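Let's take a relaxed tour of the pockets in this protein. Have a look at the structure below before reading on.

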Amino acid sequence: MTINLDLVIDAEEDSVDMKAGLETMQGVSDAIRCTAEAILSGATPKRQHHKGKVRTSLKKSFKGSYGHIFSLDIHDDKLQKNLNRIGRPAFIELLTYFITESLYIDTKQLSPKAQKALDGLGETSNEVVKQLRVSALENIHEISLKFNHDVKIRHRQSRDIQTVIAKFDRKTAKVLQATQSDEKVDLTVSITRLNIFTGNGRLKIKDHDETVAFGFGIEYKEVNIKAKKIFSENLNHNNGINSDKWSFLKVSVVPITLKDGKIVKYIVKGFYDD
């Protein structure tokens, strides 16, 4: 079974630096293969081999911005059945979800079918995100960092219809230098999203507009039941009501920040009801 995709490097010319371009293409291939295999098998591959069950194949190029059509090919009956069960639309949603999560970017709400598949992955979903940050993201950003070209991965639904799965540029490359602080800070927050299988989610600081990613820094099964209940109950209480009626939690967190000081995630270390 084949899913058609393409890679677009936004350049004014029809050519780009070959070395940086090839490294970006390698990163895209690794990211797609790693994520796809994890979604379909439930395990995160540490290496991709040329005889693997999930591969990418270059197709004919196209005119305009430099780019290549390529395909994601499934060479395993069991994985093909899993893809059929999940469905292509939900599978594409999950590709977008994992790449976006690896960039610390907020994702749109998943469809029920995609969410069910994500829930079924459990802790594997955390492993996928970590694996993408090991080398795939670094390679993908080569052409952006060295030549300031933006990169897009798209799903080719047809010759005339392409849906963007992920975008990369110098701004997203900053996540490669994200570091965890040594100091704890106390915040008053509301929970706006929570994955009950991984403990990852989004929170909103009181009197702030934007949400920020959070996690517990350990496997969710090791988080005590009281914490799980307090966080899930806060989310349930706030769901569907006006923000002026939200309840809050006080949390002690360690920030993960970019070089420019922007906080992209909080690791929860302690909490209590507001």
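How much space lies in the second largest pocket? About 460 Å³. This is a predicted model, where local features need pLDDT of at least 70, side-chain atom pairs count only at pLDDT 80 or more, and totals for chains, interfaces and linings use all residues. Residues are numbered from 1 along each chain as its sequence is written, and side-chain values use heavy atoms, leaving out hydrogens and water.

A pocket here is an open set of points on a 1 Å grid where a 1.4 Å probe fits, with protein on both sides within 12 Å along at least five of seven lines; lining residues have an atom within 4 Å of a point. Here are the two linings by class:

| Pocket | Nonpolar | Polar | Charged |
|---|---|---|---|
| Largest pocket | 23 residues | 16 residues | 11 residues |
| Second largest pocket | 9 residues | 2 residues | 8 residues |

The largest pocket has a volume of about 1,100 Å³. Its lining takes in 50 residues, with Glu-101, Asn-200, Gly-201, Phe-214 and Lys-265 nearest the centre. Helix H5 chips in the largest share, 7 residues. For the second largest pocket, strand S9 gives the most, with 3 residues.

H5 (residues 124–140) also packs against helix H1 (residues 18–41), at an angle of about 170 degrees and with the axes 8 Å apart. So H1 runs roughly antiparallel to H5 (that word covers angles over 145 degrees).

Finally, check out Ile-92 in helix H3. Ile-92 is buried, at 10% relative accessible area (buried means under 20%).

Definitions and conventions
Axes fitted to C-alpha atoms, helices over the stretch in contact; angles between N-to-C directions. Helix = DSSP H or I, 4+ residues; strand = E, 2+ residues; numbered from the N terminus. Parallel < 35°, antiparallel > 145°, perpendicular 65-115°, else oblique. Buried < 20%, exposed > 50% of the residue type's maximum accessible area, 1.4 Å probe, protein only. Points joined across faces, edges and corners; volume = space filled by probe spheres on them. Nonpolar A, V, L, I, M, F, W, Y, C, P; charged D, E, K, R; others polar.
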